[in-house]
Amino acid sequence: MDLLTLLLLMFWYILPAYAANGLAVIFGRGNQFNAPLDLGKNFIDGRRIFGEGKTVRGFVGGVTAGTLVGFAQAVAGENIGIPMLLSSHQTISLILAANALGLDNAMCIITINVILLTPIYFALVGYPPMIKEAILPSITKGFLLSFGALTGDLVGSFIKRRLNLSRGRPAPGLDQLDFIAGAIAFSSIVYVPPLELLVAAIIVTPLIHLATNTAGYALHLKKEPW
Ligand code: CTP
Ligand code: MG
C-alpha cells in the first residue's frame, strides 16, 4: 500500500476517535450544568480522581459526536468503498474517474469516490438493503472508537493525578496517545484494522495532536498548547 493510501485509510479508521477527543474540548467548555466526572472527589492518595478537566458534558458530547461520525461514515458507503479499496477489484466508476482526472493513484480515486460520490449517488437512488444492514456496525464502531478514546483520556488523567501532575500539566506521550490506545482497545471488539494502519495512527497522532492543540490554544479554546 502506498503512503498516501495508508494515511487516508488511517484517518478514515480513527476519525470518530479524533472527533470525540477534539469535540470534548468544545462541549466541555464553561462551568454551567457541567459537573466534573469525578464529582470533585479525591482518590485515596488525597488527590483528585480525574480532575476538573474531565467533565460530563465533554464526555457525553464527545461520544455523541464520534458516534455520529461513525453514522456519517456508513452513509458515505464505507462498507462498500473501503473493502473495495483494500481489494484489487476495479470498478467502472474508478476507471472512469481515474481516466477523467488523468490520475494514476487508483486508491485515492476510490477514496474520493467513497467520501464524495457514493453519498450523492445513494441520496438520489436510495440505499440498497446491503448498506442499510451495514449502518448499525458502523455506528457501533464509531461509538466504541469515541467511547474508548474518552475512556483512554480519562485513564490518562487518572495516571497524571497519581503522578501528582495537576490539571493541564503536560505528560508527553501519555497526553497524545492515551485516547488512541483506548479507541483501538475498545473498538477491537468489533473491528481490528490491518497492523500498518495501527502503526501509522500511533506515529501520526502525536504530530496531529500537537498541531491541533497549538491551534486550539491560539483560538483560546484550550488553556494550554499541549
Ligand atoms: N474536556 C472535558 N471533558 C472530557 C475531556 C476534555 O470537558 N472528558 C475538556 C476540558 O475543558 C479540558 C479540555 O477539554 O480542560 C482539554 O482536555 P485535556 O487536555 O484532555 O484535559 P486537561 O485540562 O489537560 O486535563 P488533564 O491534565 O487531566 O489531561
Ligand atoms: Mg491536556
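In which helix does Thr 151 lie? Thr 151 lies in helix H6, and the views below start there. This is a predicted model, where local features need pLDDT of at least 70, side-chain atom pairs count only at pLDDT 80 or more, and totals for chains, interfaces and linings use all residues. Residues are numbered from 1 along each chain as its sequence is written, chains are lettered from A and ligands numbered from 1 in the order in which they are written, and side-chain values use heavy atoms, with hydrogens and water left out.

**View 1. Thr 151 sits buried in helix H6.** Helices here are DSSP runs (H or I, at least four residues), and strands are runs of E with at least two, all numbered from the N terminus. Thr 151 has a relative accessible area of 17%, so it counts as buried, a word that means under 20%, while exposed means over 50% and partly exposed is in between (1.4 Å probe, protein chains only). A polar atom of the Thr 151 side chain lies 2.7 Å from the backbone oxygen of Phe 147. Leaving aside neighbours within four places in sequence, Thr 151 is in contact (heavy atoms within 4.5 Å) with Phe 59 and Phe 186.

**View 2. Ser 157 is another resident of helix H6.** The helix covers residues 129–162. How much relative accessible area does Ser 157 have? The value is 5%, so Ser 157 is buried. Its side chain makes a polar contact with the side chain of Lys 54, at 3.1 Å. A polar contact is a pair of N or O atoms within 3.5 Å; within protein, one must be able to donate a hydrogen and the other to accept it, and residues adjacent in sequence count only if both atoms are side-chain atoms. If you skip residues up to four places away in sequence, Ser 157 touches Ile 49, Phe 50 and Lys 54.

**View 3. Gly 61 is tucked into helix H2.** This helix spans residues 56–75. Is Gly 61 buried or exposed? It counts as buried, because its relative accessibility is 11%. Now look for Ala 20: the two are 41 residues apart in sequence, yet their C-alpha atoms are 7.7 Å apart in space.

**View 4. Asn 31 and Leu 39 share the loop between H1 and H2.** Helix H1 covers residues 3–27. Asn 31 counts as exposed, at 72% relative accessibility. From Asn 31 to Arg 57 there are 26 residues in sequence and 9.7 Å in space, C-alpha to C-alpha. Leu 39 is exposed too, with a relative accessible area of 58%. Check its backbone: Leu 39 has a positive phi of about 55°, although it is not a glycine. Why point that out? Most residues other than glycine have a negative phi.

**View 5. Asn 164 also has a positive phi, in the loop between H6 and H7.** The angle is near 65°, and this residue isn't a glycine either. Asn 164 counts as exposed, with 52% relative accessibility.

**View 6. Helices H7 and H8 pack against each other.** Two packed helices are described by the angle between their axes and the distance between the axes. For H7 (residues 174–187) and H8 (residues 195–218), the angle is about 145° and the axes are 9 Å apart. Axes are lines fitted to C-alpha atoms, for helices over the stretch in contact, and angles run from 0 to 180 degrees between N-to-C directions. Which residues make the contact? From H7 come Asp 175, Gln 176, Leu 177, Phe 179, Ile 180 and Ile 184, and from H8 come Leu 198, Ile 202, Thr 205, Pro 206 and His 209.

**View 7. Trp 226 lies in the segment after H8.** What is the relative accessibility of Trp 226? At 29%, Trp 226 counts as partly exposed. Its C-alpha is 6.3 Å from that of Leu 210, and the two are 16 residues apart in sequence. Apart from neighbours within four places in sequence, Trp 226 is in contact with Gly 168, Arg 169, Pro 170, Asp 175 and Asn 213.

**View 8. Step back, and the protein chain shows eight helices and zero strands.** Of its 226 residues, 42% count as buried. Among contacts in the chain with a separation of 6 or more, 75% come from residues 24 or more positions apart.
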